[in-house]
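Let's take a walk through this fold together. Keep the viewer open and turn the model as you read.

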Amino acid sequence: MTSTEIGHPDVATEAETVDLLIYSDDVDTRRAVIEAVGRRPGKGLPLVRWTESATHAGVVKKVEEGSFAILVLDGEAANGGMAISRQLKNEIFECPPVLILTARPQDQWLATWADADAVVSAPYDPIELQEAVAGLLRRGRQR
């Protein structure tokens with residue numbers, strides 16, 4: 001069976017959709033990420049449906065109640081995404097993969113402390129964001 005055949009785990013069906021959560025206290029950051037990633041972050045991957053959160057408490061509540069394929073957390077938000085990532089990774093059984101947005105590449109070590117699965121630094125390049133989300137989705141599909 002080749003990877004282009006129907007039913008192969010690496011190929012998304014037309015109706016398949018996964019939920020992603022984006023956290024930032026800045027609506028412009030949330031919009032930029034959602035627009036950059038688009039409806040389908042990569043070939044053979046499912047469509048994505050976004051849930052937005054502007055608060056730390058909102059993220060925790062939504063993660064506890066929902067089933068997200070990926071969490072995208074703004075490390076520069078007032079209630080930083082790195083602290084939220086570390087909290088969720090320690091408190092949520094089988095926490096979804098986390099992509100942290102940082103202000104600069106030098107902050108990558110902080111994202112490592114926060115147990116991030118991927119990091120993208122500002123200025124946010126749409127291709128880099130798409131590739132990061134696609135990579136996390138592909139890893140999740142291989143489990």
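**A tour of the fold**

Start with how the chain contacts itself: among contacts between residues at least 6 apart in sequence, 64% join residues at least 24 apart. Keep in mind that you're looking at a predicted model. The chain has 143 residues, and 43% of them count as buried.

Now trace the backbone. You'll pass 5 helices and 5 strands in total, and from the N terminus on they come in the order β-α-β-α-β-α-β-α-β-α.

Next, find the sheet. As general background, strands of a sheet pair through backbone hydrogen bonds, and the pairing can be parallel or antiparallel. Here, 5 strands make up an open sheet, and their pairing is parallel. Read across the sheet and the order is 2-1-3-4-5. At the edges sit strand 2 (47-53) and strand 5, each of which pairs on one side only. On average, neighbouring strands are turned by 20 degrees against each other, if you ignore direction.

For a look at one pairing inside that sheet, pick out strand 1 (residues 17-23) and strand 3 (residues 70-74). These two run in the parallel sense, with 4 bridges between them. To get your bearings, click on Leu20: its bridge partner in strand 3 is Ile70.

With the sheet in place, bring in two helices. Helix 2 lies across strand 1, strand 2 and strand 3, and runs at about 135 degrees to strand 2. Helix 3 lies across strand 1, strand 3 and strand 4, and runs at about 160 degrees to strand 4.

So how do helix 2 and helix 3 meet each other? The axes of helix 2 (residues 56-65) and helix 3 come within 11 Å and cross at roughly 30 degrees. Because angles under 35 degrees count as roughly parallel, helix 2 is described as roughly parallel to helix 3. The crossing itself is right-handed. From helix 2, the contact uses His56, Val59, Val60 and Val63, while helix 3 brings Ile84, Gln87 and Leu88. Sort the residues in this contact by class and you get 5 nonpolar, 2 polar and no charged ones.

Finally, have a look at the loops, where a few backbone details are worth a click. Two residues here have a positive phi without being glycines. Take Glu94, with a phi of about 55 degrees. Glu94 belongs to the loop between helix 3 (81-91) and strand 4 (98-102). Is Glu94 buried or exposed? With a relative accessible area of 67%, Glu94 is exposed.

Then move along to Asp115, which is not a glycine either and has a positive phi of about 65 degrees. You'll find Asp115 in the loop between helix 4 (108-113) and strand 5. Its relative accessibility is 34%, so Asp115 counts as partly exposed.

One more stop: the peptide bond from Ala122 to Pro123. That bond is cis, with omega near -5 degrees. Pro123 is in the loop between strand 5 (118-121) and helix 5 (126-141).

Technical notes
Residues are numbered from 1 along each chain as its sequence is written. This is a predicted model: local features need pLDDT of at least 70, side-chain atom pairs count only at pLDDT 80 or more; totals for chains, interfaces and linings use all residues. Side-chain values use heavy atoms; hydrogens and water are left out. Buried means under 20% relative accessible area, exposed over 50%, partly exposed in between (1.4 Å probe, protein chains only). Axes are lines fitted to C-alpha atoms, for helices over the stretch in contact, and angles run from 0 to 180 degrees between N-to-C directions. Angles under 35 degrees count as roughly parallel, over 145 as roughly antiparallel, 65 to 115 as roughly perpendicular and the rest as oblique. A crossing is left-handed if the near helix is turned anticlockwise from the far one by less than a right angle, and right-handed if clockwise. Contact means heavy atoms within 4.5 Å. Ala, Val, Leu, Ile, Met, Phe, Trp, Tyr, Cys and Pro count as nonpolar, Asp, Glu, Lys and Arg as charged, and the others, Gly among them, as polar. Two strands pair if DSSP finds at least two bridges between them.
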